[in-house]
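Got the model open in your viewer? Here is a short walk through it, one selection at a time.

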Amino acid sequence: MALVLVVEDEPEIAEVLEGYLRQAGYRTERAADGVAALALFRAARPDLVLLDINLPGMDGLDVLRGIRKIDATPVVFLTARSDELDTVLGLELGADDYVTKPFSPREVMARVKAVLRRGAAVDDAGDPVVRVGPLELEPGRWRATYDGHGLPVTVTEFRILHHLAAHPGRVADRAELLEVALPDSDALERVIDTHLKNLRRKLDEAGGPHLIETVRGAGYRLRAR
Ligand code: CA
């Protein structure tokens, strides 16, 4: 069963979350600060991380940066305030989803299941590798490369890029991309813009600039080459 790493410094909240996760059949690990979280992440390789933003010492955003240096494991943020939510939405690293406090454990569980299901759906499909010019996407492994250079994309970014690359030249609007990238989420459509911005930056850094086009008033498309 999937392993969920709960990173939360308030013991009562962590206990409730762990209780619900275990009841649903997940295995759990818990860390109360960022340093412990990264150490546990490296040691236990969880399938998903529930990450509080406001932690003592290293905050949740730094923890996410540390995780992203290792891999694209899905991360769901626990945010307490709307200004924190803005930070998450603007986050260049891209979290895979978020819930805002006060949340019900039921709500968190729904989000955890949805994010893990997104991963499983792609894994199980055994999708063939998608290639558009120098861009190569390997769904089973969440691996994206441009001209042989690895793209450090998140799972959410991978799904967006995969959807665009599967239909090169066709315009996808934000609602469509949101459904693909974050099904069952109540994330706002503007979340897609943030993921697109981050994707473009990563493509740019890998030598694939202007690969994703904005079609004003309609959406986004991948340039067919
Ligand atoms: Ca906290």
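Start by selecting Leu 182 and showing everything around it. Setting aside neighbours within four places in sequence, Leu 182 is in contact with Asp 96, Asp 97, Arg 118, Thr 156, Leu 177, Ala 187, Val 191 and His 195. Keep in mind as you look that this is a predicted model.

Now click on Arg 118 from that set of contacts. In sequence, Leu 182 and Arg 118 are 64 residues apart, yet their C-alpha atoms sit 8.0 Å from each other.

Is Leu 182 buried or exposed? Its relative accessibility is 3%, and residues under 20% count as buried, so Leu 182 is buried. As for where Leu 182 sits along the chain, look in the loop between helix 7 and helix 8 (190-205).

Next, colour helix 6 (residues 155-166) and helix 7 (residues 174-181). Their axes come within 9 Å and cross at roughly 125°, which makes helix 6 and helix 7 oblique to each other. The crossing is right-handed. To see what makes the contact, show side chains for Thr 156, Arg 159, Ile 160, His 163 and Leu 164 on helix 6, then Glu 176, Leu 177, Val 180 and Ala 181 on helix 7. Sorted by class, the residues of this contact are five nonpolar, two polar and two charged. You've already met Thr 156 and Leu 177: both are among the contacts of Leu 182.

Then move to another helix pair: select helix 2 (residues 34-44) and helix 3 (residues 60-68). How far apart are the axes of helix 2 and helix 3, and at what angle do they pack? The axes are 10 Å apart, at an angle of about 20°. Angles under 35 degrees count as roughly parallel, so that is the label for helix 2 and helix 3. This crossing is right-handed too. Show Gly 34, Ala 37, Leu 38 and Phe 41 from helix 2, plus Val 63, Gly 66 and Ile 67 from helix 3, and you have the residues that make the contact. By class there are five nonpolar and two polar residues here, with no charged ones.

Finally, zoom out to the whole chain in cartoon view. You'll find eight helices and eleven strands. Of the 225 residues, 52% count as buried. Switch on the surface: the accessible area is about 10200 Å², and 49% of it belongs to carbon and sulfur atoms. Among contacts with a separation of 6 or more, 59% come from residues 24 or more positions apart.

Technical notes. Residues numbered from 1 in each chain as written. Predicted model: local features only at pLDDT ≥ 70, side-chain atom pairs only at ≥ 80, totals over all residues. Heavy atoms only, no water. Helix = DSSP H or I, 4+ residues; strand = E, 2+ residues; numbered from the N terminus. Buried < 20%, exposed > 50% of the residue type's maximum accessible area, 1.4 Å probe, protein only. Contact = heavy atoms within 4.5 Å. Areas by Shrake-Rupley, 256 points an atom, 1.4 Å probe, with all protein chains shown as cover. Axes fitted to C-alpha atoms, helices over the stretch in contact; angles between N-to-C directions. Parallel < 35°, antiparallel > 145°, perpendicular 65-115°, else oblique. Left-handed = near helix turned anticlockwise from the far one by under 90°. Nonpolar A, V, L, I, M, F, W, Y, C, P; charged D, E, K, R; others polar.
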